[in-house]
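This report describes how the strands and helices of one chain are arranged. The sequence and the model are shown first.

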Amino acid sequence: MAIRRIRKDGDEILRKKSKEVKKIDDKILTLLDDMAETMYHNDGVGLAAPQIGILKRVVVIDVNDEKGLIELINPEIIYTEGEQYETEGCLSIPGVYGEVKRPEKVIVKALNRKGEEITIEGTKLLAIALCHEIDHLDGILFIDKAIKLEKRKNKEDWS
Ligand code: CO
């Protein structure tokens, strides 16, 4: 496992659309491991592959709940319900925070590391993290959707 360098806003790769994973090989498994290590090292609650410069549809999330580490390959939002407004941040945009409108609940379909189809239901912070990370796979950053942005010096970077 290795900690990878996080790409920061202004890096073109963050604006590109990631490609679907066709085959879950050792390279993808190593990517998942490295992404989890990089996320935990940076105290994040989520990380998408383009944030470490890899344009593949791979996401890791851990919002410190009973679900623990969530690894998603080719995630797709298949259901949303309600709405919530919470402050978000991003490991690729350090020191910047903003309120974003997200669904209150989402259901996501994806593959796990064994290639099995899974569905994951998230509310509150998990719903936000799922939406935020899947946006990264389409080159969308939370600052594109934030109602207002603010800069803070304290370290609360998250995804
Ligand atoms: Co982010």
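Helix H2 is followed by Gly139, whose phi is positive, near 75°. The model is a predicted one. H2 itself covers residues 124–137, and its 14 residues should span 20 Å at 1.5 Å a residue; the end C-alpha atoms lie 21 Å apart, which agrees. Of these 14 residues, 12 are buried, so that the helix is mostly covered. The buried set includes the charged-lettered positions Glu133 and Asp135, along with His132, His136 and Cys131. Also in the buried set are Leu126, Ala127, Ile128, Ala129, Leu130, Ile134 and Leu137.

**The five-stranded sheet**

One open sheet has five strands in the order E1-E2-E3-E6-E7, with antiparallel pairing. Its edges are E1 (46–48) and E7 (117–123), each of which pairs on one side only. From one strand to the next, the twist averages 35°. Helix H1 (residues 26–41) packs on this sheet, where it touches E1, E2 and E3 (70–81), and its direction makes about 35° with that of E2. H2 packs on the sheet too, touching E1, E2, E3, E6 (105–111) and E7; the angle between its direction and that of E7 is about 125°.

Strand E2 is made up of residues 58–61 and is joined to E1 by three bridges. E2 also pairs with E3, over four bridges, and E3 in turn pairs with E6 over six. Residues that stand opposite each other in these pairs include Leu47 and Val60 of E2, Ile61 and Ile70 of E3, and Ile77 and Val108 of E6.

**The three-stranded sheet**

A second open sheet has three strands in the order E4-E5-E8, again with antiparallel pairing. Here the edge strands are E4 (84–88) and E8 (149–151), each pairing on one side only. The twist averages 20° from one strand to the next. Strand E5 (residues 96–102) pairs with E8 over three bridges, and Tyr97 has Glu150 in E8 as its bridge partner. H2 packs on this sheet as well, touching E4 and E5, and its direction makes about 65° with that of E4.

The strand pairs with their bridges are set out below.

| Strand pair | Bridges | Sense |
|---|---|---|
| E1 and E2 | three bridges | antiparallel |
| E2 and E3 | four bridges | antiparallel |
| E3 and E6 | six bridges | antiparallel |
| E5 and E8 | three bridges | antiparallel |

H2 thus appears in both descriptions: it touches E7 in one sheet and E5 in the other.

How values were computed. Residues numbered from 1 in each chain as written. Predicted model: local features only at pLDDT ≥ 70, side-chain atom pairs only at ≥ 80, totals over all residues. Heavy atoms only, no water. Helix = DSSP H or I, 4+ residues; strand = E, 2+ residues; numbered from the N terminus. Expected span 1.5 Å × (residues − 1). Buried < 20%, exposed > 50% of the residue type's maximum accessible area, 1.4 Å probe, protein only. Pairing = 2+ DSSP bridges. Axes fitted to C-alpha atoms, helices over the stretch in contact; angles between N-to-C directions. Contact = heavy atoms within 4.5 Å.
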